[in-house]
Amino acid sequence: MGAGQPGDREWPITMTDRTMIDSKAIDPKTTASKVADPYLSHLELDQPDKTFLDSNELVINMGPQHPATHGVLRVILKLDGEKVLGTECVIGYLHRGVEKIAENRTYTMFNPYVDRMDYVAAVSNGLGYCEAVEKLLNIEAPPRAKYIRVILTELNRMASHQLWLGTHALDIGAMTPLFYTFRDREEILKIFEKYCGARLTTHAFRIGGCQYETYEGFERDVTKFLDFVPPKIDEYEELLTSNRIWLERTKNVGVISRADAIALGVTGPVLRASGVKWDLRKAQPYAAYSDFDFEIPIGANGDTYDRYTVRMEEMRQSLRIIRQAVERIPEGPIMAKVPKVMKPPVGEVYHSIEAPKGELGYFIVSDGSTQPYRVRVRPPSFVNLQALDVMVRGALVADVIAVIGTLDIVLGEVDR
Amino acid sequence: MPQVIQPGMQPVATTFFFYFLAGLTLLSGVFVITRKNPVHSALALIFGLLAQAGLYLMLYAPFVAGVQIILYAGGIMVLFLFVIMLVNIERSQREEQFNKQWLVGLLAAIALGGLFVMVYVKGKALFPYPIAQPLENSNTQQIGVMLYGQYMFAFEIASLLLLVAIIGAVVMAKKRI
Amino acid sequence: MVSKLNGQYGSGIREASTYLGQNYMVVEPSVVSELLQILRDREQFDYCVDITAVHYPEREKQFDLLWILYSFPRNERIRVKIMIADGESVPSAVSIWATANWLEREVYDMFGIRFDGHPDLKRILLPDGWKGHPLRKDYGIIQQDQEWVQANLGIESGP
Amino acid sequence: MLNYITSYLRSNTTPGQAGNVFWAFVYIMVVFGGVSVAVMAMNWLERKALAHFQIRLGPMRVGPHGLLQPIADAIKLMTKEDIIPAEADKFVFWIAPLIILCASFAVYIVVPFGPTHAITDLNIGILFMLGVSSLSVLGVVMAGWASNSHYPLIGALRSSAQMVSYEVAMGMAVVSAVLMTSLHGLGPYGVGAGTSGTGTLSMIGIVQAQQEQHVWFLFKFFPLGFIAFGIFAIAMVAETNRAPFDLPEAESELTAGFHTEYSGLRWSLFMLGEYAAMIAVSSIAVTLWLGGWFRPFPNTLTGETWDLVFSLFPGLSFLALAVIAFVGVRRMPKHPYFRVQTIGLAGFGAVLALIGLILFAPPVRDRVQDIFWFVAKVAGFMYLYIWYRATFPRYRFDQLMKVGWKVLLPIGIGVLILTAILGVVL
C-alpha cells in the first residue's frame, strides 16, 4: 500500500489496512519470502496497537494447558479479532536435560534415555543414537540387525504417522479418524511388545546391533499387518481426502514456500510437502535403506493438505519398505563385535536419520572415556516448530490449530 | 377465516396481565437509563421489549408481537450487545452520566409528561372504541394486505432507505470493495 | 572447495580435514560470519542443520561453537567450528539462516554464549529468570537454581 | 369444575385455543417433561451411537449398557460445585443459561405433535418459533461476556455472528414453505381445499395444508421444496451450534467456547438448552416439510386396513426395542457380577414390551399415533445430528460465514422467488 495513494490516510482505522496487507501476504502465489530479515519469532507485547472501536488487540495464551497443543506447548497469540497478528512459542515445560544426562552416563546407559524424547517414535530415536555411536566406534551392525532395524523403524514411522493423523484430524474437528488410527496403531504396538516387551519406549536396539533375535512368528505377524493395514489407510483417506470441509480447512492453510522451508531448516514431511524431494533415507542412506526400492512423495504447494497427502503416501511407502525387508531378511548374527566397555577414540561425529518428523541428528563428542563428552540432539520437532509463526501469520485462530497439528511436533522432543 | 370469539375463549385475567406487563415495561425502562453498566441496560431493554411484545399480544396483534421479538429482541439487541461487549466497559462506568444534559432531559420529560396528561384528559374523545376489534385470525393477513396494498409505496420507499443504509455502512466500513 | 576458501582467507582457516568421512573446518572467530555467508551463497550450503557448542573448561578458549551445514544441491555436510573464550560474543547467523534463531537461543540458554545481532536473545528452554547455564561442565547434574525454584514453585528442592 | 376439565376432551382444538387453563397446564407439564426425558435419552443415544461409529463401546458401567448414565451424569452435575469466576459479572453470568433454557423450551408451546396435541396453536406459530429460538443468541452472548475471559468472549462473538447469519438463510427457507401453504399449484387462488389463496403461519395450519394439497412440502414443486428443506437442514445445524458448525464450542481452539467458565448445574442448563433447541428446530423441519404428525401416505394408502396397519407401528416399534433389550439380556456374560445388570436390562425390556402392548389398545392407539409419527421423524433428524458429528471435520469461521451468506442465502432467495413464480404460473 504505497504512501502516494490519495486518500490513504483519510481512514485512521488501521484494521482495514492490515487486512489488505495480510491477505496479500498469505496469498500462496506470491513468491516473496515471508520470513522477515532478521527473522523475528517473538512479539512486541509492550505496545498493543489500537484497532477498530478502540479495543486493544487481544493477546491470548494458548496453552500450556490446552487440548490442541499436543502437550505442554504455550503459544502466545496476538489477535485482531480472529486474525493472528503474530505468535510466540514458549517451550521448555518438558525440559529434562537429556543432553546433560548423557554426559553423566556411559554410552550404553544413555541408550534408553533417547526413547523418551520423541516418545511416539522411540525406535527411530534409538536407531539414530546407536548408529551414531557405532560410527564413532567405527563398527558396523551385521546385515540381519540392519534389516530388523529397518522393519521396526518403518513400523514406528507408521505408528507415528497414524498418531499424527488421528490427533490432527481431531484438531480440525473430525473425531472418528482418531479411533480408527489408534485401533490400527495398536497392531504395531503389539508387534513391538512381542519383540522387546515394551510398547512405547521400546529400547529396541543396542549399540552394535540388536539385543533380541526376532521372536517366533515375527515375519508372519508383520506380513499379516502388511495385509491388514492398506485397506485401513484407504479408510482414513475415504473419510478425509476428498471431504469438502477437510479440503477447505487444509488447502492453502499454513503455506510455507520452498525457500522459507529451507531457510527455516524445516525437515521431514513438512519440507517434502513444500516440494523439496529430500529424504535422508535416499540422500544419505543409513541402516539397510540403500537395498530397498521406494518413492519419496512430495507436495506442490506446501500447505496443510499437501503435508497430509505426503504423510499418507509415506505410510504406504513404509509398508513397501517393510514388505521388501521381510521378504529379503538375511540370516546371520544380530550383534557386531562390540567391546564390553565402550571407549570410543577421541573425536566427534554427526549422524542423522530420517525420523518420522524430520532429520534427527546426533552430534557426539568423545574424549576417549566411557562416557560421552557431549551429546547434542538435533530434534526435528524443535526446528520445525520454529516455522509456526511464518505459517500462521495473517491466518485465523483455527488455522493455528491446524498448523500445529500438521507440524507433527512432540513436546518431549522439542524440550528434551 | 374470521373466527367468532366463543365464551370459552375469553382471555383470562386481562387486567392483571396488562398491569403486570405495563409495570415490567416501565421498570425495565427505568433500569435502562439508571444502570451504569451498559450490558445491564441492554438486558433491561430486552425485557422491556419482550413485555411490550406481550402487550401487543393482548391487543390481538400477534404478528406485531412476533416481529417485535424476532427483530428487536432477537436481532437488534444482539447487535447492540455485540457492540457494547467490545467497548471498554470499565472506562464507561467511570464516566459521569448525563453530565451536561440533565436540563434538556428535564425539559423533554416535562413535554412528554404534558402530552400524556393531555391525552389522559381528552381521553375517550381520541379513542372512540373501548377495546380493539378482536380480529386475531385475520390480523396478520390484514397487515399484509395493508402493507402491500394501501401503503405499498411507503413500504417500498422504506425498504429502499434501508438498502441505502446498508450500502452506506458497507462503504464506510470498507475502503475498497 | 576448502583450498579455494583457503586462498581467500589464508590464515582464517586453521584446519580443514575429514574425520570418519565427515568434513569439518576450524576457523578464526573473526572470519566466521563472512565465511558462513559465503558458504551459503557461493557453496550452496543452504540448510543450517544445527548450531551447538561444547564446553572445555580446562582450555583457555573454553568453547567450541559449531555450525553443522548441509547442502541440498551437493548432498554434502560440513561442520564449521570456532573456538571462543568465555564471555566472548559471536556474530549471529540469523540473517543468513532464519533457523539459527532458536538454535542460537538454545546455545545461549545452555552455555551462555552471546550472539551479536540476534533479534531476541533470551532463554528458550529454561525459565527467563534462571541463573546458570546447565550444559557447562562446571554445572552439576543435580544442580539447580534453588532461589528460582523456591520463588516460583514454592518448594524446597535440589541438593 | 369437573365439567371444565372434561369439556375440553370433547372439543377438537388445542388447549390454548379452547382457553382451558387446566389442560394447558397439563400439556405444558407433559411436553416439558417429555422434552427433558428426550434430552436425557438423546444424551445416552448420542454417546452410544457415536461410540459405535468410532469402534468404541461408550458408557457400559452405569446400568446395563450404560442406560442409567444420563441419570448419573445429572446427579453429578447437580451436586458439583457451582463456580462463578471472581471477575465475572455475577448477575449476567447467572441469568445467561436461564435465557437459553427459557428460549429453547418456550418454542415447544407451538410445536404440533398432533392436530390437537399442541399447547396452543398461535396464528403466527412459525414466526413465534423462529423469534423465540433466536433469543437464545442473547444467552450465548451474555454468557461469553459475563465470564470475563478471552475464550468465552471469542466463542460468544463467533456464536452470535453465526446464529444471526444462519437465521437469515433459515428464514428464507421457511418463508418459501409458508408460501407453499397458499399455493395449490392451481393459480394464486387455486381451488382444491378449504381456504382461499391466503396462506398460514400457524404450525397446525401448515401441516393441514400439506394434507389438503396431498403432498409433503419436501416434494412440492420438485426440486424447490427439496432445496428449501436442504437449506433449512443445514442452517438448523449451524443454528444449534452442532458439528460441523460447532465453532463456538470448538474444543480444539477455544477449549469450550462461550461456556468455558461454567460448571455444574449451570453448565448442564446449557446442554439441556442445546439439545432442546436441536429437537425444536428438527420439529420445525418436520412440520414444514415432512408432513408433521401425518403417517406416511395418508392420502394414497387409505382405508381401514391401512389405518390399522399404520396404527400398529407405535406398539410394534416398542416391541422391537424390547426384543433388542432381551437379545442384550441373552448376550450378557453369565457371571454373578453381572446379575444385577442382567435383571435390570430384562426389566427395562419388560417395561418397553408393556408400553408396546399398551400402545396396541385401540383407544390409546388412536390417540398416540400422531405423536408417534411426529417423534419418529424428529428422531431421524436426531440421528442425522449424531452422524454429522461422527463424520465431519469442523468448518473454519470465515468458511462458515461464506457458506451462510454466499451459498445458502442466495439459493434461499432464489428458491423463494421461484416458488412464488411457479405458484402463480402453474
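Biologist: Why are α14(D) and α15(D) described as roughly antiparallel to each other or roughly parallel, whichever applies?

Modeller: In this predicted model, the axes of helix α14 (residues 313-331) and helix α15 (residues 339-360) of chain D cross at roughly 165°. Angles over 145 degrees count as roughly antiparallel. The two helices, α14(D) and α15(D), are therefore roughly antiparallel to each other. Their axes come within 8 Å, and α14(D) passes α15(D) in a left-handed crossing.

Biologist: Which residues of α14(D) and α15(D) make the contact?

Modeller: On α14(D) they include D:Phe318, D:Leu321, D:Ala325 and D:Val329. On α15(D), D:Leu345, D:Gly349, D:Leu352 and D:Phe360 are among them.

Biologist: How do the residues of the contact of α14(D) with α15(D) divide into nonpolar, polar and charged?

Modeller: There are 17 nonpolar and five polar residues, and no charged ones. Glycine counts as polar here, and D:Gly349 of α15(D) is one of the residues in the contact.

Biologist: What makes D:Trp373 count as buried or exposed?

Modeller: A residue is buried if 20 or more other C-beta atoms lie within 10 Å of its own. D:Trp373 has 24 C-beta neighbours inside 10 Å, and therefore counts as buried. This residue lies in helix α16 (residues 362-391) of chain D.

Biologist: Which residues is D:Trp373 in contact with, leaving aside its neighbours within four places in sequence?

Modeller: D:Trp373 is in contact with D:Trp293, D:Phe294 and D:Arg295. In addition, D:Trp373 and D:Pro296 are 77 residues apart in sequence, while their C-alpha atoms are 8.5 Å apart in space.

Biologist: Why do β1 and β3 of chain A stand at the edges of their sheet?

Modeller: Three strands form this open sheet, in the order β1-β2-β3, with antiparallel pairing. β1 (58-62) and β3 (83-90) each have a single partner strand, so one side of each is left without a neighbour in the sheet.

Biologist: How do you know that β1(A) and strand β2 (residues 74-80) of chain A pair?

Modeller: Two strands pair if at least two bridges are found between them. Five bridges join β1(A) to β2(A), and the two strands run antiparallel. A:Met62 stands opposite A:Val75 in β2(A). Helix α15 (residues 397-407) of chain A lies across β2 and β3, running at about 150° to β2(A).

Biologist: What makes β6 and β8 of chain A the edge strands?

Modeller: The strands of this open sheet follow the order β6-β7-β8, and their pairing is antiparallel. Both β6 and β8 of chain A pair on one side only. On average, neighbouring strands of this sheet are turned by 15° against each other, direction ignored.

Biologist: How many bridges pair β7(A) and β8(A)?

Modeller: Six bridges do so, in the antiparallel sense. The bridge partner of A:Phe363 is A:Arg376 in β8(A). Helix α4 (residues 122-137) of chain A lies across β6 and β7, running at about 150° to β6(A).

Biologist: Which element gives the most to the side of chain A that touches chain C?

Modeller: That element is β7(A), with four residues. The contact takes 37 residues from chain A and 30 from chain C. The side of chain A that touches chain C has 17 nonpolar, eleven polar and nine charged residues.

Biologist: How many helices and strands are there in chain C?

Modeller: Chain C has four helices and seven strands. Of its 159 residues, 38% count as buried.

Conventions: Residues are numbered from 1 along each chain as its sequence is written. Chains are lettered from A and ligands numbered from 1 in the order in which they are written. This is a predicted model: local features need pLDDT of at least 70, side-chain atom pairs count only at pLDDT 80 or more; totals for chains, interfaces and linings use all residues. Axes are lines fitted to C-alpha atoms, for helices over the stretch in contact, and angles run from 0 to 180 degrees between N-to-C directions. Angles under 35 degrees count as roughly parallel, over 145 as roughly antiparallel, 65 to 115 as roughly perpendicular and the rest as oblique. A crossing is left-handed if the near helix is turned anticlockwise from the far one by less than a right angle, and right-handed if clockwise. Two residues are in contact if their C-beta atoms, placed from the backbone, lie within 7 Å. A residue is buried if 20 or more other C-beta atoms lie within 10 Å of its own, exposed if 12 or fewer, and partly exposed in between; C-beta atoms are placed from the backbone.
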